[in-house]
Amino acid sequence: MRRMLTVLRFNLRELARSRWVAAYAAFFAAVGWALLSFGESSDQAAASLLNLVVLVVPLASLATSVLQFYNSREYVELLLVQPISRRTAFAGQYLALSISLAGAFALGLLAPFLWCGGKGEALTLLLLLVAGLLLTLIFVALGFLVSVRTDNRLKALGGALALWLFFAVLYDGLLLIVIMAFPTQQLPALLLGLSVLNPLDLARLLVLLRLDIAALLGFTGALFKEFLGSARGLAAALAVLSAWATALILLGARAYTRRDF
Amino acid sequence: MVEIRDLRKRFGALTALDGVSLTIRPGEITYVVGPNAAGKSTLLKCMVGLVHPDAGRIAIDGTVVNGGWRYRNRIGYVAQSPRFPEAASPRELITFLADLRGTSARNGSHLAELFGLGPAMNRPLRYLSGGTRQKISLVLAAMFDPEILVMDEPTVGLDPLASRRHKQWLCEERARGKTVIVASHLMAELEELADRLVFMLDGRIYFDGPPSQALEAGGERTLEAAIAKMMEEGAAACAAC
């Protein structure tokens with residue numbers, strides 16, 4: 001634990017010196033402020049922010065984790081020749097990046113709400129925050145996993161972008177094909193199952209169920225609302241997102257432990 | 001004493017180590033030489049745990065260490081092309097590694113002084129030259145006074161004064177009974193320092209013995225000529241099979 005905290009502290013200090021993390025916080029602060037200042041209602045601002053969060057957070061987390069992994073490759077070699085286990089080194093590096101990005105996101109999201117005098121519902125804001133934090137944990141882990149499995153930086157970055165494109169765009173297209181291909185009576189259960197396989201959809205659900213505009217998500221959101229009810233739907237979505245994060249972290253740690261540097 | 005037995009490693013179709021067995025004794029400087037892609041760096045990386053061998057074992061003083069990490073407390077490693085976190089200063093890096101090991105960097109100040117690093121110690125690493133980074137790599141490897149020094153091309157980029165001081169320091173470490181293994185292409189350095197020469201080609205050891213024996217076996221007057229001959233003979237043997 002002492003070794004992990006030492007690695008975490010050192011990495012956090014390095015990341016705090018990076019302008020990218022500050023720019024990431026500033027981006028969310030600026031957009032949040034604009035939406036709250038010029039939007040018609042706080043619910044509308046939350047819904048617009050949600051769309052931004054589910055697209056930008058995964059993309060930024062994937063790209064940053066891949067670039068961070070390759071930029072710190074030689075430093076990792078220096079770290080791994082010290083008396084430290086691979087799991088400890090992975091935990092320190094992963095947590096440092098996740099905490100930096102999650103902290104920047106939380107700061108950028110909360111600042112405009114506080115600036116605008118606490119405008120908007122606290123629970124909606126909290127869910128937006130939780131959705132962004134869980135997406136950060138999931139996609140930083142996915143970025144590490146992709147990076148650990150290849151020596152080629154461009155290949156890793158391409159793979160990460162392809163994954164983002166799949167979850168953000170292509171998955172909805174696949175759902176449409178499913179809707180057209182299957183008889184109506186089989187669809188509810190099928191779509192419910194398929195929505196669990198996309199963390200972006202689940203993150204959307206977390207907030208949309210609270211906003212009571214689940215129909216905005218289409219079939220998936222309506223189904224969660226109908227079958228699980230808002231509270232149960234939220235709990236289910238949270239549990240599945242946490243399972244996504246846990247599984248990817250464990251897979252990333254396993255790949256990191258087995259990798260040759 | 002470090003004992004390596006039947007070490008094997010493949011990277012896809014490439015065989016990097018093909019049954020390497022070697023004993024590295026304390027109080028000796030062992031030089032590993034060979035052409036590029038002979039397996040020298042892979043061998044050294046297996047010793048420090050950066051590369052996982054497919055088969056074989058590495059033991060330190062009779063204890064098998066493959067797959068472990070605590071044994072690295074006893075090892076100092078110099079990488080072939082050292083790079084560090086760009087924004088940190090060497091002093092911050094030293095403090096970080098000392099915290100990680102839970103001990104003080106006993107030799108840190110002495111080595112920084114030896115290599116004339118004084119003003120560079122507080123500057124961000126991104127502003128330091130390749131040679132200065134190499135000196136810092138040497139300081140980081142040796143500052144905890146490890147029993148075993150594993151060095152991959154440690155003097156590349158060093159100025160003549162630093163190179164001279166590095167050699168003197170290595171002789172002192174040998175006299176103190178340290179186990180030293182160095183991968184290098186620099187023949188002058190090898191002739192001056194090596195107690196033992198290991199010649200590798202295509203992942204195998206073709207020669208293991210004192211430099212004088214290499215000269216006798218090759219019938220040559222200099223080690224450079226003897227090693228060049230070994231490379232030619234090895235390449236011819238590989239072409240034949």
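Biologist: How many of the 9 residues in helix 1 of chain B are buried?

Modeller: This is a predicted model, in which local features need pLDDT of at least 70 and side-chain atom pairs count only at pLDDT 80 or more, while totals for chains, interfaces and linings use all residues. Residues are numbered from 1 along each chain as its sequence is written, with chains lettered from A and ligands numbered from 1 in the order in which they are written. A residue is buried if 20 or more other C-beta atoms, placed from the backbone, lie within 10 Å of its own, exposed if 12 or fewer do, and partly exposed in between; helices (H or I, at least four residues) and strands (E, at least two) are DSSP runs, numbered from the N terminus. Helix 1 of chain B is mostly covered, and its buried residues number 8.

Biologist: Which residue with a positive phi follows helix 1 of chain B?

Modeller: Helix 1 spans residues 40-48 of chain B, and its buried residues include Leu44(B), Met47(B) and Val48(B). With a phi near 90°, the residue that follows the helix is Gly49(B).

Biologist: At about what angle does helix 1 of chain B run to strand 7 of chain B?

Modeller: The helix lies across strands 3, 6, 7, 8 and 9 of chain B. Axes are lines fitted to C-alpha atoms, for helices over the stretch in contact, and angles run from 0 to 180 degrees between N-to-C directions. Relative to strand 7 of chain B, helix 1 of chain B runs at about 145°.

Biologist: Which strands form the edges of the open sheet of 6 strands in chain B?

Modeller: Two strands pair if DSSP finds at least two bridges between them. The sheet has the order 6-7-8-3-9-10, with mixed pairing. Pairing on one side only marks the edges, which are strand 6 (75-78) and strand 10 (204-209) of chain B.

Biologist: Why is strand 8 of chain B described as largely enclosed by the rest of the structure?

Modeller: Thr179(B), Ile181(B) and Ala183(B) point one way from the strand, and Val180(B) and Val182(B) point the other way. Strand 8 is joined by 5 bridges to strand 3 of chain B, in parallel, and by 5 bridges to strand 7 of chain B, also in parallel. The strand is largely enclosed because its buried residues are 5 of the 5.

Biologist: Which residue of strand 8 of chain B stands opposite Val150(B)?

Modeller: Among the contacts of Val150(B), leaving aside neighbours within four places in sequence, are Leu44(B), Met47(B) and Ile75(B); two residues are in contact if their C-beta atoms, placed from the backbone, lie within 7 Å. In strand 8 of chain B, the residue opposite Val150(B) is Ile181(B).

Biologist: Which helix gives the most residues to the largest nonpolar core?

Modeller: A nonpolar core is a set of buried Ala, Val, Leu, Ile, Met, Phe, Trp, Tyr and Cys residues joined through C-beta atoms within 7 Å. The largest one has 149 residues, and Leu128(A), Val139(B) and Val150(B) are among those with the most contacts inside it. With 17 residues, the element that gives the most is helix 6 (residues 122-148) of chain A.

Biologist: Which elements give two or more residues to the side of chain A that touches chain B?

Modeller: Here 20 residues of chain A are in contact with 23 residues of chain B. The elements on the side of chain A are helix 1 (2-16) and helix 4 (73-80) of chain A.
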